[in-house]
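Open the model in your viewer and follow along. Each stop tells you what to select and what you will find there.

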Amino acid sequence: KLAYDDGGGAGQAVVCLPGAGALRGQFRFLAPALAEAGFRVVTLDLRGQGESGVNWLNFTVQAVARDLIALIDHLDAAPALAVGAGLGATAAAWVAAEHPSKLAGMALISPFLRDLTPPGGRPAALRLALNRWWGPGVWASHHKTRFRAAPPDLDDELKRLKAALKGRGRIAALKAYARASKHIGEPRLSQIQAPALVVTGAQDPEFPDPTAEGAFAAELLGGPTRVLSVGGAGHFPHLERPEKVCAEVVRFLDQVRRTRAAGGPVRASSGALRPRTRRLSSS
């Protein structure tokens, strides 16, 4: 079973997928902004996470991508828009490549589009530290380090995350996600035609060079692509700089919606959303 919230309404559906080890509540700032713009907002807990079931055979990017397709079909919402964070972004890109009729456009936040080792060799050590007994606390502590500007309700989010991971099978699912490859492959990326907005935190500790990772995505994605690098933000720019990121995501998805309704192509903007040197204040 997959747990999701459906804001309802007659607008085009935007399905929001969190990353591994996160909850659908991470879209708590973005979802109201999208709803106010007239979208039907749907937020999903990935298999094995939050309130979704744990009895799955695998926890790969492809499996999450199939879940996204199943939800879009269940909602009768194709072609939908997608907002993915981390592994959720990887799954959205997979769907855009393999089943282009399902997605009209997507916003990819801190996407893992290839396998990279973060500085310090953390993945292996982190997996060893995760077990059923103290794993929830270990993961919550790690989760906190991925922020560079903490949202005011971060402590509450960490409490919810720890509680969600205490259920049987939750830590095992998280470890399976950590082991799963995030490599989509350059040929698959290049065949994506859906317009995409790629958002990266300029100080994301998950990437050796976050700005270069955004440029990598822009170069390889086959469709019109915009890139936004958010200064002073880590792995969750939509939570750390919501006033900026939410506005840009809403603006981009609204353009996709309007352009599609008018029957024209969505084009990459000139300079406004290309990789930029201006950064938001960290204060």
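Buried here means under 20% relative accessible area. Keep that cut-off in mind for the stops below. The model you are looking at is predicted.

**Stop 1: helix α2.** Select residues 61-75, which form helix α2. Now colour the buried residues of α2: Val61, Ala63, Val64, Ala65, Asp67, Leu68, Ile69, Leu71, Ile72 and Leu75. An α-helix has 3.6 residues a turn, so residues three or four places apart point the same way. Next, look at the two ends of α2. Why should this helix span 21 Å? Because α2 has 15 residues at 1.5 Å a residue, and its end C-alpha atoms are indeed 21 Å apart. Step just past the helix to Asp76, where phi is positive, near 55 degrees.

**Stop 2: strand β2.** Select residues 13-17, strand β2. How many of its 5 residues are buried? The count is 5 of 5. In a regular strand the side chains alternate between the two faces of the sheet. On one side of β2 you will find Ala13, Val15 and Leu17. Val14 and Cys16 lie on the other side. Both faces are covered.

**Stop 3: the neighbours of β2.** Strands of a sheet pair through backbone hydrogen bonds, either parallel or antiparallel. Add residues 40-44, strand β3, which pairs with β2 in the parallel sense over 4 bridges. Pick Ala13 and find its bridge partner in β3, Arg40. Then show residues 80-85, strand β4, which runs parallel to β2 and is joined to β2 by 4 bridges. Here Leu17 stands opposite Gly84. Now bring in helix α1, residues 30-36. Together β2, α1 and β3 make a right-handed β-α-β unit.

**Stop 4: the whole sheet.** Show every strand of the sheet. In what order do the 7 strands lie? Read across: β1-β3-β2-β4-β5-β6-β7, an open sheet with mixed pairing. At the edges are β1 (4-6) and β7 (225-230), each paired on one side only. From one strand to the next, the twist averages 15 degrees.

**Stop 5: helices on the sheet.** Select helix α3, residues 87-98, which packs on the sheet. It touches β2, β4 and β5 (103-109). The direction of α3 makes about 155 degrees with that of β5. Finish at helix α9, residues 210-220, which lies across β6 (196-201) and β7. Helix α9 runs at about 170 degrees to β6.

Terms used. Residues are numbered from 1 along each chain as its sequence is written. This is a predicted model: local features need pLDDT of at least 70, side-chain atom pairs count only at pLDDT 80 or more; totals for chains, interfaces and linings use all residues. Side-chain values use heavy atoms; hydrogens and water are left out. Helices (H or I, at least four residues) and strands (E, at least two) are DSSP runs, numbered from the N terminus. The expected span of a helix is 1.5 Å times one less than its number of residues. Buried means under 20% relative accessible area, exposed over 50%, partly exposed in between (1.4 Å probe, protein chains only). Two strands pair if DSSP finds at least two bridges between them. A crossover is right-handed if, with the strands pointing away from the viewer, the path from the first strand over the helix to the second runs clockwise. Axes are lines fitted to C-alpha atoms, for helices over the stretch in contact, and angles run from 0 to 180 degrees between N-to-C directions. Contact means heavy atoms within 4.5 Å.
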